[in-house]
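Please look through the sequence and the model below before reading on. The report that follows moves from the way the helices pack to a few single residues.

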Amino acid sequence: MPTEVVPRTIRIAGVLTTLQAAAGLSFVVALLIRSTSSDVGGVGQFEPTQMVGEAGYYALLSSGVLAAGIGLWRGKHWARTPALLMQLLLLGTAWYAFGPSGQPLTALVLAVPAIAVLWFLFNREGRAWSFYAGAAPDADRDA
């Protein structure tokens, strides 16, 4: 399989990963809006600057996921590993939401896209695309 041809499943995984990043960025916007409120109570008392810091953390994380999603869509091999790592983290979060937290709907919302991306990256076409990635520019070529 030539490396110039990006399989459809890799592009779909890229779109799903990009949508996950968009959801993360919308969470960042919600945190920033909430930080402007005078009462940001909840468990303990939060200062508005703490919420801005939390928003910054999630903005950084979501930006990395966005880069991986766009990279997969464009057929960049480097994007596969960060996307895989993110899906595994989301599956762990979904397990916690389903089990100890008792929130099965949240677990499904997290797990279904994560499982789909993993399937798209590990099916026959995705593995072949990943396996036949070009060698490093300074590598010896036997062909």
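At roughly what angle do the axes of H3 and H4 cross, and within what distance do they come? In this predicted model, the axes of H3 and H4 cross at roughly 150 degrees and come within 8 Å. Because angles over 145 degrees count as roughly antiparallel, H3 is described as roughly antiparallel to H4. The crossing of these two helices, H3 and H4, is left-handed.

**The overall fold**

It helps to place this pair in the whole chain. The protein chain holds five helices and zero strands, and its elements, read from the N terminus on, follow the order α-α-α-α-α. The protein chain has 143 residues, of which 30% count as buried.

**How the helices pack**

Two further pairs can be set beside H3 and H4. Helix H1, which spans residues 8-35, packs with helix H4, residues 104-122, at an angle of about 155 degrees, and the axes of H1 and H4 are 8 Å apart. Since an angle over 145 degrees counts as roughly antiparallel, H1 is roughly antiparallel to H4. H1 passes H4 in a left-handed crossing.

Helix H2, residues 48-73, packs with helix H3, residues 80-98, at an angle of about 125 degrees, with the axes of H2 and H3 8 Å apart. That angle makes H2 oblique to H3, because it falls neither in the range of 65 to 115 degrees, which counts as roughly perpendicular, nor over 145 degrees. The crossing of H2 and H3 is left-handed.

**Residues along the chain**

The next step is to look at single residues, and to ask which residues that stand apart in sequence have a listed distance in space. The table gives the C-alpha to C-alpha separation for four pairs.

| Pair | Separation along the chain | C-alpha distance |
|---|---|---|
| Glu47 and Ser35 | twelve residues | 8.0 Å |
| Trp78 and Ala68 | ten residues | 8.0 Å |
| Thr81 and Leu121 | 40 residues | 9.9 Å |
| Val117 and Thr17 | 100 residues | 7.4 Å |

Is Val117 buried or exposed? Val117, which lies in helix H4, has a relative accessible area of 0% and is therefore buried, given that buried means under 20%. The C-alpha atom of this buried residue, Val117, is separated by 7.4 Å from that of Thr17, although the two are 100 residues apart along the chain.

Thr81, by contrast in its label, is exposed, with a relative accessible area of 56%, and its place is in helix H3. The C-alpha atoms of Thr81 and Leu121 are separated by 9.9 Å, with their positions 40 residues apart along the chain.

Two residues in loops can be read in a similar way. Trp78 is found in the loop between H2 and H3, and at 51% relative accessibility Trp78 counts as exposed, because exposed means over 50%. Glu47 lies in the loop between H1 and H2, and at 49% relative accessibility Glu47 counts as partly exposed, so the cut-off of 50% decides which label Trp78 and Glu47 receive.

**A nonpolar patch on the surface**

Which residues make the nonpolar surface patch? The patch, of about 300 Å², is made by Val15, Leu19 and Trp73. Trp73 has its place in helix H2, which covers residues 48-73. With a relative accessible area of 44%, Trp73 is partly exposed, because that label lies between the cut-offs of 20% and 50%.

Notes: Residues are numbered from 1 along each chain as its sequence is written. This is a predicted model: local features need pLDDT of at least 70, side-chain atom pairs count only at pLDDT 80 or more; totals for chains, interfaces and linings use all residues. Side-chain values use heavy atoms; hydrogens and water are left out. Patches are made of residues with over 30% relative accessible area and no salt bridge: like charges are joined within 9 Å, nonpolar side chains (Val, Leu, Ile, Met, Phe, Trp, Tyr) within 5 Å. Accessible areas come from the Shrake-Rupley method with a 1.4 Å probe; for residues, only the protein chains shown count as cover. A salt bridge is a side-chain nitrogen of Lys or Arg within 4 Å of a carboxyl oxygen of Asp or Glu. Helices (H or I, at least four residues) and strands (E, at least two) are DSSP runs, numbered from the N terminus. Buried means under 20% relative accessible area, exposed over 50%, partly exposed in between (1.4 Å probe, protein chains only). Axes are lines fitted to C-alpha atoms, for helices over the stretch in contact, and angles run from 0 to 180 degrees between N-to-C directions. Angles under 35 degrees count as roughly parallel, over 145 as roughly antiparallel, 65 to 115 as roughly perpendicular and the rest as oblique. A crossing is left-handed if the near helix is turned anticlockwise from the far one by less than a right angle, and right-handed if clockwise.
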